[in-house]
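Here are three short exercises to work through with the model open beside you. Each one has a task, followed by a solution in steps.

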Amino acid sequence: MKDVTDPIDRHLLDDWQRNFPVVRRPFAELASAAGTTEEDVLNRLADLRDSGTITRVGATCAPNTLSASTLAAVAAPEGRIEEVAAIINEDAGVNHSYEREDHWNLWFVATGPDRDAVNASLARISDRTGLRVLDLRLRQPFNIDLGFKMGSGDTPVMHSAPRAVDMSAIREGDKALMNILTKGMPLVPAPYAVIADQLGRTEADVLARVAALTEAGLLSRLGVIVRHRKLGWKSNAMVVWNVPEGRIIDAGTQLAALPGITLCYERRPVAGVWPYRLYCMIHAQSRADALAVLDKAKALPALTDVDHKVLFSTRCFRQTGAMIAKEKEAAE
């Protein structure tokens, strides 16, 4: 992990990207594990957030469960990149946006409480920019958890594989709770109590629902959400593969298991424009390191001689939590 020399900061960043305690005083547990005080942990996390090293302490939601989302792209003319990026980022549902090296150069994730909200977001952006928006909907994940442990080597070490999701576990009020958690929990000694007050519920109820949502796989990760670029993983490439539909399972399974591949999923192609079905992300400390991982991917049996594109990220415009509920719904 680059530029983080303090052992307590390293502990907080490296050991608490998931499995954050679901107890009344969670930061006290982090403090006990780090050999420091609760106040010190809270101050350190606030400093890491303010410096841009982390985005928040919060949750990620399994895609298209409690909310809806899609990956989207536009081809902005060279002289309009900043203008179009600003329009994209003004839309409340956009939680990630990047410039990448391709004709389709601005990529973003649009989120919302349901598919209609996502469709409306894409339509607004298309209308305001005058540009076509590619809607690249998720079909199936092979590894979609960007939380990865940054060890001493040059390759990120993934935490876990995708989990099964139990949709029957959803209860009334879960969207509002998850909306707060994905935006980031308050950095106070008893954060679940503060969240409970915001929702007009009890702390015990909030703790029980967080545990239930985690058990059901709906809350896919709860912990410290880092900015990987800030920590040295600056050469990040999205690689798209034109894999025939009948070979997707083999290719996705092999690719997701390869060290250095930090995301892997199938998305819907766009006929006549974007034929690629299989996507992966490579997060590396240099372009050479990223390309070395790509060489190993191209050598996989299921990807031999498969047409592909490499889109390195050049700028990150936004990285925040997803919209799970509309503001009015979240406040009710």
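**Exercise 1.** In this predicted model, find which residues of helix α2 (residues 26-34) are buried, and work out how they are arranged around the helix.

*Solution.* Start with the list: Pro26, Phe27, Leu30, Ala31 and Ala34 are the buried residues of α2. Next, recall that an α-helix has 3.6 residues a turn, so residues three or four places apart point the same way. Now look down the axis of α2: its buried residues fall within an arc of 145°, so they line one face of the helix. Finally, check the partners: these buried residues pack against α1 (7-15), α3 (38-50) and α7.

**Exercise 2.** Describe how helix α7 (residues 191-199) and helix α8 (residues 203-215) cross, and which residues meet.

*Solution.* The two axes come within 8 Å and cross at roughly 105°. Angles of 65 to 115 degrees count as roughly perpendicular, so α7 is roughly perpendicular to α8. At the contact, Tyr192, Ala193, Ile195 and Ala196 of α7 meet Glu203, Val206, Leu207 and Val210 of α8. Sorted by class, this contact has seven nonpolar, no polar and one charged residues.

**Exercise 3.** Trace the order of the nine strands in the open sheet, then find its edges.

*Solution.* Reading across, the order is β5-β2-β4-β3-β13-β10-β12-β11-β6, and the pairing is antiparallel. The edge strands are β5 (134-136) and β6 (138-143), since each pairs on one side only. Within the sheet, seven bridges join antiparallel strands β10 (residues 235-241) and β12 (residues 278-284); Met238 has Met281 in β12 as its bridge partner. Helix α9 (residues 248-256) packs on the sheet, touching β6, β10, β11 (261-267) and β12.

Methods: Residues numbered from 1 in each chain as written. Predicted model: local features only at pLDDT ≥ 70, side-chain atom pairs only at ≥ 80, totals over all residues. Heavy atoms only, no water. Axes fitted to C-alpha atoms, helices over the stretch in contact; angles between N-to-C directions. Helix = DSSP H or I, 4+ residues; strand = E, 2+ residues; numbered from the N terminus. Parallel < 35°, antiparallel > 145°, perpendicular 65-115°, else oblique. Contact = heavy atoms within 4.5 Å. Nonpolar A, V, L, I, M, F, W, Y, C, P; charged D, E, K, R; others polar. Buried < 20%, exposed > 50% of the residue type's maximum accessible area, 1.4 Å probe, protein only. Arc of directions from axis to C-beta. Pairing = 2+ DSSP bridges.
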